[in-house]
Structures are given as C-alpha cells and as structure tokens.
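Hi everyone, thanks for coming. I'd like to walk you through a structure that is new to most of you, so have a look at it first.

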Amino acid sequence: MLEESLAKKRGNFSATVCANKQIRERFYRLVLEFSGEGAEAFAKTGAGQFAQLDLSDTALPSVEAIPDDLADVAERKILLRRPFSFADVTTKGNKTSVDILYCVIGPATLRMTTLSAKESVSVLGPLGNGFWVPDGTKTALLVSGGMGAGPLQHLAKVLTSDFPDIDVIAFAGARSAEALPFERRLDEISQQLGFSLPEFAKYGVESLVATDDGSAGFTGPVTGCLSEWLGRSKSAGKGMVIYSCGPEAMLARVAEIAKEKNIDCQVSMERRMACGISLCQSCAVECRTTGSNETVYKLCCQDGPVFDGSEVAWGIE
Amino acid sequence: MSEEVDISVEFAGIRLANPVFTASGTSGYADELGDFMDVSSLGGFITKSITVKPRKGNATPRIVETDSGMLNAIGWANIGLDAFIDEKLGALEKLSCSVFVNIAGETIDEYVAVAERLAGERAIAGLELNISCPNVELGGISFGTEPEQVAEVTSAVKKVSGDKVLMVKLPPAVTNVSVIAQVAVDSGADALSLINTFTAMVIDIETRKPVLANRTGGLSGPAIKPIAVYLVNKVYEEVTKSLGIPILGMGGIRTVSDAIEFIIAGASAVAVGTANFVDPGCTAKIVEGIKKYCAGKNISNVKELVGSLEAEQDAAN
Ligand SMILES: Cc1cc2nc3c(=O)[nH]c(=O)nc-3n(C[C@H](O)[C@H](O)[C@H](O)COP(=O)(O)OP(=O)(O)OC[C@H]3O[C@@H](n4cnc5c(N)ncnc54)[C@H](O)[C@@H]3O)c2cc1C
Ligand SMILES: Cc1cc2nc3c(=O)[nH]c(=O)nc-3n(C[C@H](O)[C@H](O)[C@H](O)COP(=O)(O)O)c2cc1C
Ligand code: FES
C-alpha cells in the first residue's frame with residue numbers, strides 16, 4: 001500500500017524562494033520553487049487550492065521597515081502555519097514554481113517580506129478544492145476584492161489555456177487605487193472602464209477595475225461594477241459562471257447577484273485555520289442543506305475553500 | 001551500543017509499540033493524517049470527542065493564536081456515535097496502533113450510551129473520558145471539577161465498558177488535581193490522561209469583544225507545557241505511582257525533549273496535540289527521537305525512564 005502512494009498527492013515539502021518582490025507598499029509577490037516530490041505534487045495544483053506555510057522561523061524585518069500599525073504586534077511569536085492560495089503555478093522541466101500574492105497585515109505576513117532568494121520554506125499542500133468548470137460554460141466572470149485577485153489570476157491562466165472557447169472577463173475591486181494589489185502604478189491606470197490590468201491582459205483577459213473612492217475605474221464596490229456590466233450584457237445567465245474571491249461581505253453580495261440573475265457562482269472562502277488538513281475543525285463554513293432549513297458546518301480547508309455560492313448560509317452567523 | 005532499545009510499553013494491560021499517541025481532537029479520525037505519516041507507526045491513536053448525537057460545533061471564529069499557543073472552542077463538533085461506527089471504525093480497525101475513542105457528553109446517560117455501544121467493538125482498545133464538559137443537569141458545571149461528579153460519571157461508564165481500558169482525562173484548572181485523579185482511580189479508571197486545555201480568553205481591543213465566537217476557548221500548545229509537566233509529576237507522585245496506574249501525559253509537546261520531560265515526570269506514554277497542526281508528521285519523529293535518546297543514555301527499556309525524576313537539586317547550584 002505504501003509503494004502505491006509514493007507519488008504523493010499532497011505532503012509537507014520544502015520549497016526554495018526564487019523571488020519576493022514588493023509590488024506596492026503592502027503587497028508582495030513571492031515565488032517558491034519545488035523540486036522532486038514537491039514539484040510533482042504542486043504541478044497539479046488547481047486554481048483556488050492553497051498551501052500552509054510555516055513562517056515561525058522567518059526573520060523579522062529591521063525596525064525601520066516595520067509599518068507603524070504593526071510595530072506593536074511585530075514581535076509576536078508565530079506558532080501556526082498560515083494559509084495562502086496561488087496567483088500562478090508553472091512547471092519547467094522537473095521543477096514547479098508557485099506565485100503567492102500577499103498583503104502584509106500581521107506578524108506572519110510581516111516576516112514573510114524578509115524571505116530572500118535561496119531560503120527554504122516548509123509548505124504543506126496543495127490543499128483543499130479549487131474552482132471547477134461546469135459543462136457548457138461559455139463566459140467566466142472573475143470577480144475579486146483586494147487580495148482575492150491572486151487565485152483569480154491563476155484561474156484566468158487555467159481557463160484561457162485549457163478552455164479556449166470560454167470568454168473570460170476580470171473585475172477587480174479595492175478601497176482605492178492604492179489598495180489594488182497590482183503592479184501597475186496609479187498614474188498609469190486609466191479612469192475609464194474597460195482597460196487592462198497586465199496581470200490579466202497577459203492571458204488575453206480584459207479587466208475592469210472598481211474603487212470605493214473612485215480613484216481608479218468604476219466608482220463604488222466591485223459588485224456594483226459587476227451588476228452594471230450584467231445589466232448591459234445581452235447574454236447574462238446562460239452558460240455564465242461567476243468566480244469570486246475576496247472579503248466575505250463582497251462574496252455574499254456576489255452570490256446574491258448571481259442568484260437574482262440565475263448565474264452559477266463559485267466563491268473562495270477564508271477562515272482562520274490551525275491545520276489546513278481537516279484535523280482541527282477550526283475552519284467551519286455554515287452551509288445550507290437541500291430540502292431543509294437545517295444548516296451544516298463544512299470545513300473550509302477540506303470541502304472548500306471554494307464553495308458553490310448558493311450553498312453558503314450567508315449572514316446566518 | 002548495537003543493542004536494540006525497547007520502547008514498547010505496557011499501558012493498563014495493553015502492549016503499545018511505543019509511548020506516543022496523537023491527542024484527541026487534533027488528528028481527526030486518523031484517515032486525515034494518512035497523507036503525512038503512517039498512523040500505524042504510533043503507539044496509540046485517540047479520536048476526537050464522540051457524542052451520542054452529531055454535533056455541529058460552535059460558530060466561528062473557533063480558534064485564535066496566542067503567544068506560543070492557541071485557543072480553541074470547537075464545541076465537540078463530531079459526526080455522532082452512529083456515523084462514527086458506520087463510517088470510521090472500519091478504517092481505525094486496520095491501524096496496528098491501539099485506538100482509543102474519546103467520549104463526551106452533557107449528561108451521565110450520554111456518556112454511558114456511547115461507552116456501552118463501543119464496549120463491544122473490536123477495533124477499540126480503550127475509552128478516554130473527556131470530563132471537561134458542562135453537565136447540563138447541574139446548570140453547566142464541568143463534570144471534571146467536582147469530585148462527586150467525577151466519581152459518578154467514571155463509575156457509571158466503568159460498569160458498561162467491558163474489557164476496554166478506561167482512561168479518564170483530567171482538566172488542569174482545579175483546586176487540587178490529585179484529588180480528582182484519586183477519585184477517578186477509586187471509581188474505576190485504569191489510566192489517567194492529563195492535561196486537557198485551560199479555559200482562556202483573547203479580547204480584540206478595537207471592538208472590545210472576545211475574539212472567539214464562544215467568548216472563551218481552551219489554551220493548548222507550548223505555552224502550557226511546564227504546567228502540564230508539573231501536574232503530571234504531581235499526580236504521579238501523589239496518586240498513581242504507588243498504584244501502578246499509568247499516565248498519558250500531554251500539553252504542549254512539540255519536540256523529542258518535550259516528550260522525554262513528561263516521561264521523566266511520570267508519564268508512561270505521551271500524546272501530541274497542537275503540534276500536529278504545524279507538522280503533521282511530528283509524532284513519527286518523536287518516536288524515533290525517544291529511541292535515540294534512550295540509546296544515547298544506555299537505557300535499554302524506556303520503562304526505566306518513567307518517573308525517573310531526581311528528587312534533589314544539585315547542591316552546587
Ligand atoms: C484558503 C485561504 C487562502 C488565503 N490566501 C491568501 C493569499 O493568497 N494572499 C494573502 O495575502 N492572504 C491569503 N489568506 C489570508 C492569510 O492567511 C492571512 O492574511 C494570514 O494568515 C495573516 O497572518 P498574519 O500573522 O500576518 O496576521 P494575523 O495576525 O494572523 O491576522 C491579522 C488580522 O487579520 C485577521 N485574520 C487573519 N486571518 C484571517 C482569516 N482567515 N479570516 C478572517 N480574519 C483573519 C485577524 O483577525 C487579524 O486581525 C488566505 C487565507 C485562507 C484561509
Ligand atoms: C483544536 C483542538 C481540539 C481539541 N478537541 C478535543 C476533544 O474533542 N476532546 C478532548 O478531550 N480534548 C480535545 N483537545 C485537547 C487536546 O486533546 C489536548 O488535551 C490539549 O490540546 C493539550 O495538548 P497540546 O498542547 O499538545 O495540544 C483539543 C485540542 C485542540 C487544540
Ligand atoms: S483548518 Fe483544521 S480542520 Fe480546517
């Protein structure tokens with residue numbers, strides 16, 4: 001039995017840092033490379049799957065490099081791994097590299113910024129279930145809020161390479177132009193709708209931007225931008241799938257819009273995770289059951305993180 | 001030094017291949033760990049708490065990290081006795097390590113109902129009684145804090161548990177843990193496990209609300225280890241040593257030396273909980289490490305280590 005399972009589907013692998021680039025004040029893109037068994041396991045990573053990184057031994061940045069709002073928590077010791085999904089997965093020869101788009105919000109992501117080339121990181125993965133493509137899909141709308149743009153970039157790549165007949169359009173939202181986790185500088189971002197973010201354009205995917213304060217693209221939440229687009233679209237509904245990743249309130253609104261328009265919808269959920277591998281039951285997501293008012297808790301790390309938008313019991317908690 | 005070290009242990013009449021368990025609630029129903037280690041290489045496996053009826057568990061957040069520890073308030077989320085027997089026992093039977101089922105309840109009848117059903121199951125070596133549950137018939141006072149209740153629940157379960165080893169899991173936050181330990185043993189416990197988690201709270205200073213949806217949660221991980229070592233030693237010296245009752249020691253074990261500390265303190269075997277979340281293969285490493293430590297100290301049988309704490313402090317210090 002052991003011999004059979006030698007080609008592991010998932011496991012605890014050591015990855016080597018290739019790059020860790022600051023793309024904006026609080027946003028970074030980390031590239032990790034796997035060889036051997038890890039390369040095999042991660043080569044098959046689906047868009048929306050994730051991994052658990054051990055950052056407990058990673059160094060802190062110098063005092064000057066610590067943002068004021070994190071100065072107080074910076075020294076906190078890290079015990080648990082942290083979950084991250086992938087913005088890209090590429091295989092070259094017998095190596096697999098994965099990109100993680102991340103935002104510095106606490107002690108672990110602060111330490112993450114000091115990872116430098118050739119350092120090794122312990123990575124548990126690939127974990128969970130990613131996005132899927134229902135039969136008959138003709139149009140895919142990728143709707144992200146803030147950091148949710150990461151896994152949707154990977155999805156854009158998978159859709160355009162494996163499903164060339166599907167039209168893909170990306171919607172990216174954030175509080176302001178500064179809070180958009182993309183490399184393009186604010187002064188390059190056009191104020192009108194329909195311009196292209198390079199991260200999506202490189203796959204031939206058009207993108208629309210929305211900012212709450214109107215500093216780039218559509219003024220208002222990305223869900224407003226989506227609604228407006230759907231209102232103008234002649235084919236809304238049939239053969240369309242909305243894929244969404246971002247803050248939970250946004251996902252709930254996206255699921256609501258999808259329901260109104262009778263569009264399939266998949267959402268990537270976030271929960272605090274201790275293990276990421278269904279040992280601890282910490283990552284419960286309340287879900288509806290068919291044919292009753294009862295709800296059940298599913299595990300974000302095992303049953304998700306991607307759920308059908310109509311399945312999640314939004315706002316009951 | 002080619003002599004093989006014997007790290008098998010006799011535990012309340014069962015032969016364990018080695019003295020390392022995974023702790024209840026931190027390694028699911030065993031199948032979840034399979035991708036990361038060979039569960040059969042352990043001395044023992046303990047399931048999460050099983051209750052008569054399935055339990056959804058608490059709302060999220062269910063966990064929060066603390067310095068060198070974590071709080072959990074999972075709420076005994078489990079599939080319930082019937083589903084456990086139908087869906088999980090088959091796989092557990094195939095494990096070559098000893099399987100203990102942790103049982104929980106809110107009334108004495110609930111504990112008894114679970115124990116009675118499991119007493120006839122071949123797959124199971126023993127029962128671990130989680131007495132850190134609120135007794136709903138007594139207004140929610142934890143079973144484990146009142147000597148009379150400990151006596152009542154232990155003897156009631158003992159009556160129906162047949163030839164299964166009955167292990168009672170002690171809560172740490174009591175006036176005198178030895179009093180509880182003595183009552184458990186007098187009421188029929190064949191073994192004791194300690195410690196369960198400490199009830200604790202983390203407050204979000206922005207919202208001034210507790211971080212956990214349940215307000216409080218159980219503190220586990222390296223933060224509690226020195227207290228756990230002390231309590232194991234106390235119970236060993238004051239209660240179990242003279243009676244030959246074995247202790248399963250736990251609380252914050254992450255490394256080989258942590259495990260050995262517990263054994264020296266008086267534990268016949270140890271269980272690893274929170275550390276599985278960080279490294280799901282850590283228990284296998286601890287098994288190997290114990291062997292190496294014994295070999296290095298010319299200890300031919302790990303039994304020699306149990307309770308080998310030197311009484312006197314070196315005068316030179
Ligand atoms: C499946 C999954 C995929 C993820 N993918 C990415 C990704 O690609 N890029 C990225 O930047 N981040 C991602 N995250 C979030 C990332 O795991 C957290 O940002 C990280 O754990 C923060 O660690 P920290 O120590 O820096 O901050 P912490 O101190 O742990 O957190 C900072 C603040 O954020 C809150 N918080 C942290 N984690 C969560 C959570 N899961 N749910 C709700 N609130 C939380 C805490 O309450 C705290 O106030 C993902 C999370 C999940 C569950
Ligand atoms: C997430 C989590 C869930 C737990 N669930 C249970 C449980 O269902 N029943 C139980 O008796 N103990 C449970 N425990 C307690 C552990 O079995 C153990 O006693 C405690 O965590 C101390 O060990 P540790 O520091 O190695 O984790 C749980 C602990 C954690 C962290
Ligand atoms: S994070 Fe542990 S069960 Fe999902």
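Let me start with a question: which atom of ligand 1 lies 2.5 Å from a polar side-chain atom of A:T109? It's an oxygen atom of ligand 1.

Before going on, some housekeeping. This is a predicted model, where local features need pLDDT of at least 70 and side-chain atom pairs count only at pLDDT 80 or more, while totals for chains, interfaces and linings use all residues. Residues are numbered from 1 along each chain as its sequence is written, chains are lettered from A and ligands numbered from 1 in the order in which they are written, and side-chain values use heavy atoms, with hydrogens and water left out.

Back to ligand 1. Its oxygen atoms also pair with the backbone: one is 3.0 Å from a polar backbone atom of A:C103, and a backbone N or O atom of A:G106 lies 3.1 Å from an oxygen atom of the ligand. On its own, ligand 1 exposes 900 Å², and the protein buries 76% of that; these accessible areas come from the Shrake-Rupley method with a 1.4 Å probe, and for residues only the protein chains shown count as cover.

Who else is around? The shell has 19 residues, with A:P83, A:L101, A:A108, A:T109 and A:R272 the closest; a residue is near if one of its heavy atoms lies within 4 Å. The elements of chain A that give two or more residues are β4 (82-85), β6 (95-103) and α2 (107-112). Helices here are DSSP runs of H or I with at least four residues, strands are E runs of at least two, and both are numbered from the N terminus. The top contributor is β4(A), with four residues. Domain 1 (11-127) and domain 3 (269-317) of chain A each supply at least three residues to this shell, with bounds from an automatic or database domain assignment.

By class, we get twelve nonpolar, three polar and four charged residues around ligand 1. Here Ala, Val, Leu, Ile, Met, Phe, Trp, Tyr, Cys and Pro count as nonpolar, Asp, Glu, Lys and Arg as charged, and the others, Gly among them, as polar.

Now, ligand 2, and where does it lie? Between chains A and B. Of the 24 residues around it, B:S24, B:S49, B:K169, B:G252 and B:T274 come nearest. For B:S49, a polar side-chain atom is 2.8 Å from a nitrogen atom of ligand 2. The backbone joins in too: an N or O atom of B:G252 is 2.6 Å from an oxygen atom of the ligand, and one of B:G273 is 3.0 Å from an oxygen atom. Alone, ligand 2 has 610 Å² of accessible area, and the protein covers 96% of it. Its shell has eight nonpolar, 15 polar and one charged residues.

Zooming out, chain A has six helices and 16 strands, and buried residues make up 57% of its 317 residues. Buried means under 20% relative accessible area, exposed over 50%, and partly exposed in between (1.4 Å probe, protein chains only).

Last stop, a loop. A:G128 sits between β7 (120-127) and β8 (139-145) of chain A, and A:G128 counts as buried because its relative accessibility is 15%. The C-alpha atoms of A:G128 and A:I277 are 8.0 Å apart, with 149 residues separating the two along the chain.

How values were computed:
Polar contact = N/O pair within 3.5 Å; in protein donor to acceptor, adjacent residues only side chain to side chain.
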